[in-house]
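Open the model in your viewer and keep the selection tool ready. The tour goes from contacts to empty space to charge pairs.

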Amino acid sequence: MRIATWNVNSLKARLPRVEAWLSDLQPDVVCLQETKLADSAFPALTFAALGYESVHHGEGRWNGVAILSRVGLDDPMNGFGPDDDDPEARLVWATCGGIRIASAYVPNGRSLDDDHYRYKLAWLAKLQALLETDHDPVGPLVIAGDYNIAPTDLDVWNPARFEGATHVSAPERDALAAMQAWGLTDSFRVLQPEAGLYSWWDYRGGSFHKKEGMRIDLLMATRPVVDRLTFATIDRNARKGQQPSDHAPVLIDLAD
DNA sequence: ATGGTGGCCCGGCCA
């Protein structure tokens with residue numbers, strides 16, 4: 001079973017590349033972020049024709065998350081649940097192939113003194129609370145998405161340049177550490193421990209070609225999933241060529 | 001160099 005996460009930075013702009021990528025990589029489950037679509041504009045029929053069921057939680061101009069699955073898609077849920085009042089479409093859930101899956105687009109904090117940074121930390125705290133009340137680390141669970149957090153300095157091209165910046169601050173990394181203490185593992189790192197492996201590169205200044213990126217797209221998985229890991233990679237090819245997203249897809253393979 | 005590129009949709013916001 002192949003599970004992928006990809007911040008596509010507008011599914012409308014990226015649909016031809018996403019279709020070709022599905023055909024090439026043959027993922028079973030795909031978590032998409034930043035679709036930037038209303039639910040009414042989500043191309044569910046296009047994905048159905050390729051063999052994928054889907055669920056989308058969108059708001060239109062910004063954000064928007066989806067899950068595609070060709071191994072079943074049950075019990076979809078938007079956001080943090082029925083009592084959720086979060087105004088932004090950043091989280092969607094479904095059960096696919098026996099695994100509870102979330103596609104998450106964690107807010108970008110912008111800077112440490114910004115309201116968006118406080119919103120990011122509050123959003124992560126809500127996710128942690130939901131884990132503790134509604135989930136069990138003994139069960140198969142993957143929370144995949146754009147975390148907008150580089151877990152360690154190995155995940156940043158130049159840590160010195162990010163001192164005092166968002167994506168690397170202690171409170172953000174502490175939030176990720178809390179998820180890990182609860183029972184989620186950064187699955188990619190189980191099989192790919194080396195430095196210099198990034199999933200996002202700024203469009204500006206030729207960052208991709210200069211290898212100036214960050215690894216901020218993660219598949220956080222519970223033990224029953226980690227025990228099945230056979231392969232993990234970042235598909236850098238998807239960041240090349242015409243009209244790429246600024247993020248590359250990250251994928252893991254699980255033994256049956 | 002406080003820029004730059006690319007998405008939204010058409011002036012400015014967001015990443």
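Select Arg204 and DNA strand B. An N or O atom in the Arg204 side chain sits 3.3 Å from a base oxygen of DNA strand B. That is a polar contact, a pair of N or O atoms within 3.5 Å; within protein, one must be able to donate a hydrogen and the other to accept it, and residues adjacent in sequence count only if both atoms are side-chain atoms.

Some ground rules. This is a predicted model, where local features need pLDDT of at least 70, side-chain atom pairs count only at pLDDT 80 or more, and totals for chains, interfaces and linings use all residues. Residues are numbered from 1 along each chain as its sequence is written, chains are lettered from A and ligands numbered from 1 in the order in which they are written, and side-chain values use heavy atoms, with hydrogens and water left out.

**Stop 1: DNA strand B**

Add Arg61. One of its polar side-chain atoms is 2.4 Å from a base nitrogen of DNA strand B. Move to Arg110. Here a polar side-chain atom lies 2.5 Å from a phosphate oxygen of the strand.

Now widen the selection to residues near the strand (a heavy atom within 4 Å of it). There are 13 of them, and Ser10, Arg61, Trp62, Arg110 and Arg204 come nearest. Of the strand atoms within 4 Å of the protein, 61% belong to sugar and phosphate. By class, this surface has four nonpolar, three polar and six charged residues. The classes: Ala, Val, Leu, Ile, Met, Phe, Trp, Tyr, Cys and Pro are nonpolar; Asp, Glu, Lys and Arg are charged; the others, Gly among them, are polar.

**Stop 2: pockets and a cavity**

Both terms use a 1 Å grid over the protein atoms alone: a cavity is a set of points where a 1.4 Å probe fits but cannot get out; a pocket is an open set with protein on both sides within 12 Å along at least five of seven lines; lining residues have an atom within 4 Å of a point. Grid points are joined across faces, edges and corners, and a volume is the space filled by probe spheres set on the points.

Select Glu34, Asn63, Arg90, Tyr105 and Asn108. The largest pocket has a volume of about 420 Å³. Those five are the closest to its centre among 22 lining residues. The lining divides into seven nonpolar, seven polar and eight charged residues.

Next, the second largest pocket, about 150 Å³. Its lining includes Trp157, Trp200 and Met214.

How many cavities of 30 Å³ or more does the whole structure hold? One. Find it through His57, Asp84 and Trp123, which are among its lining residues.

**Stop 3: salt bridges**

A salt bridge is a side-chain nitrogen of Lys or Arg within 4 Å of a carboxyl oxygen of Asp or Glu. The count is 13.

Pick Arg2 and Asp253. Their closest N and O atoms are 2.7 Å apart. The pair spans 251 residues, from strand 1 (residues 2-7) to strand 14 (residues 250-254). Strands (E, at least two residues) and helices (H or I, at least four) are DSSP runs, numbered from the N terminus. Asp253 counts as buried because its relative accessibility is 14%. The scale: buried is under 20% relative accessible area, exposed over 50%, partly exposed in between (1.4 Å probe, protein chains only).

Finish at Asp155 and Arg215, bridged at 2.7 Å between closest N and O atoms. Both are buried. Bridges with shared partners join Asp155, Asp186, Arg189 and Arg215 into one network.
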